[in-house]
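Let's take a walk through this chain, starting with the overall build and then stopping at a handful of residues. Have the viewer open as you read.

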Amino acid sequence: MRKLLIAALAAAIAAPAAAQTRLDFILNWVPGGDHAPYYYAKAQGWYAKEGLDVNRGPGKGSMLAVQKVGAGANPIGLADMGNVLIAKGKGADTVGVFNVYANSPQGLYWLKSSGIKGIKDFAGKKIGNPAADGARPMWPALAKANGVDPKSVIWVNVDANAKLSALKAKSIDVTTSFYNIHHIFQRELGDDMGFVAWRDVGLNPYGNSVVVNADFLAKNKPAIAKFVKVTQRAFAACVANPRPCVQALVDANGALKFDNEMTNWSLVEVLMSDKSSKSVALGIHDDARMQADYALVRDYVGIDKPFDVKTTYTNEFLDRTVKMTK
């Protein structure tokens, strides 16, 4: 009887560990300030407390993240919603469950000394970025919105960490980057930096969102509900007090510098803030904006097989009491 009691006690103690749901979460890029909340939540034990074993892996662009999540190689990932819509038309079934960038983070950088003054001067120029960069499939929309032939530029494959050096070496004329590392371009290029934010020249679709494989979501709703609950709480905590969040990121990624990632995070907050995130819920996908984003992709980029845009996102897991405060 005593042996049975000991065995039962051991099983009860081991049960929580066995009940952990593993989530292999692919990021859009290598870890940076914009990813701080995920690291903070894990360091605080918030995911584990909800029975989640969250493992973050570096990415190589939104297109790759969408492809991996859509194919089920990763159940969950971080990707630009424009790329989600394009991929959905090609059969990649993913669902956005938490929006991070309410404003497009995309920007274009060049050297003023090259003679380039803006997008209209890009014709015949080389734009360098990774092959799976989320800017590439959305470029036709931006080009057409500014009266530029989308096919007039030359795309060059450049590693994410080599964009700046390639631009400075003049092996490319233009590169793309997210606004949250704008300060690095300013520091490296100084007064010779040319820049335009997509959101300022007629294109402001939703940026990065946490996306889930649709089949995985259907079979694991409780786990995803917990993931969103913790992630939303973590983002709100990082807005309120970013220092411990950024420290958790740096502690987990030794090559990162605290001050640089703090600046990165301050720019992320700008991208997170819009009317809906402040008045409805942090992380929400607004229905009207998603319809507009679908129309934008359909008209300027093209959707292979039309679909109801409402199948590409859900707000059901959000806590409406948690809002963006800045």
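What follows goes from the whole chain to its cores, and then to single residues.

## The whole chain

First things first: this is a predicted model. The chain carries 14 helices and ten strands. For 326 residues, a compact globule would have a radius of gyration near 20 Å, and the chain comes out at 21 Å, so the two agree. Along the principal axes, the C-alpha atoms fill a box of roughly 85 × 45 × 35 Å.

Buried residues account for 55% of the 326. If you take the contacts between residues at least 6 apart in sequence, 81% of them join residues at least 24 apart. The accessible surface is about 14200 Å², and 54% of that belongs to carbon and sulfur atoms. As for charge, there are 39 positive and 29 negative ones, and the mean positions of the two sets sit 4 Å apart.

## Two nonpolar cores

Which residues have the most contacts inside the largest nonpolar core? They are Phe-25, Val-210, Ile-224 and Phe-227, in a core of 55 residues. Helix α10 (residues 221–240) supplies the largest share of this core, with nine residues. There's also a second, separate core of 40 residues, and Leu-85, Ala-87, Ala-135 and Met-138 are among its members.

Val-210 is worth a click. Setting aside neighbours within four places in sequence, Val-210 is in contact with Phe-25 and Phe-227, and also with Tyr-38, Ile-76, Gly-77, Leu-78, Val-95, Gly-96, Val-97 and Phe-98.

## Strands β3 and β10

Right beside Val-210 you'll find Ser-209, which lies in strand β10 (residues 208–213). Ser-209 has a relative accessible area of 0%, so it is buried. Beyond four places in sequence, Ser-209 touches Gly-77, Leu-78, Ala-79, Met-81, Phe-98, Asn-99, Val-100 and His-285. Take Phe-98 from that list: Ser-209 and Phe-98 are 111 residues apart in sequence, yet their C-alpha atoms are 5.6 Å apart in space.

Gly-77, another partner of Ser-209, lies in strand β3 (residues 76–80). Gly-77 counts as buried because its relative accessibility is 0%. Apart from residues up to four places away, Gly-77 touches Ser-209, Val-210 and Val-211, along with Phe-25, Ile-26 and Val-69. For a shorter sequence gap, try Gly-77 and Leu-64: they are 13 residues apart along the chain, and their C-alpha atoms are separated by 9.9 Å.

## Helix α2

How much of helix α2 (residues 36–43) is covered? Mostly covered is the verdict, with six of its eight residues buried. Those are Ala-36, Pro-37, Tyr-38, Tyr-39, Tyr-40 and Ala-41. Tyr-38 also turns up among the contacts of Val-210. After α2 comes Gly-45, with a positive phi near 80 degrees.

## A buried lysine and an exposed one

Is Lys-163 buried or exposed? Lys-163 counts as buried, because its relative accessibility is 8% and the cut-off is under 20%. Lys-163 has its place in helix α7 (residues 163–168). Leaving out residues up to four places away in sequence, Lys-163 touches Asp-133, Gly-128, Asn-129, Pro-130, Val-158, Ile-172, Thr-175, Thr-176 and Ser-177.

Lys-170 lies in the loop between α7 and β8 (174–178). Lys-170 counts as exposed because its relative accessibility is 58%, and exposed means over 50%. The backbone deserves a look too: phi of Lys-170 is near 65 degrees, a positive value in a residue other than glycine.

## An exposed glycine

One last stop is Gly-91, in the loop between α5 (81–89) and β4 (94–99). With 62% relative accessibility, Gly-91 counts as exposed, whereas Gly-77 is buried at 0%. Gly-91 and Gln-67 are 24 residues apart along the chain, and 9.7 Å separates their C-alpha atoms.

How values were computed: Residues are numbered from 1 along each chain as its sequence is written. This is a predicted model: local features need pLDDT of at least 70, side-chain atom pairs count only at pLDDT 80 or more; totals for chains, interfaces and linings use all residues. Side-chain values use heavy atoms; hydrogens and water are left out. Helices (H or I, at least four residues) and strands (E, at least two) are DSSP runs, numbered from the N terminus. The radius of gyration is taken over C-alpha atoms; the globule rule is 2.2 Å times the number of residues to the power 0.38. Buried means under 20% relative accessible area, exposed over 50%, partly exposed in between (1.4 Å probe, protein chains only). Contact means heavy atoms within 4.5 Å. Accessible areas come from the Shrake-Rupley method with a 1.4 Å probe; for residues, only the protein chains shown count as cover. Lys and Arg count as positive and Asp and Glu as negative; His and the chain ends are not counted. The place of a charge is taken as NZ of Lys, CZ of Arg, CG of Asp or CD of Glu. A nonpolar core is a set of buried Ala, Val, Leu, Ile, Met, Phe, Trp, Tyr and Cys residues joined through side-chain atoms within 4.5 Å.
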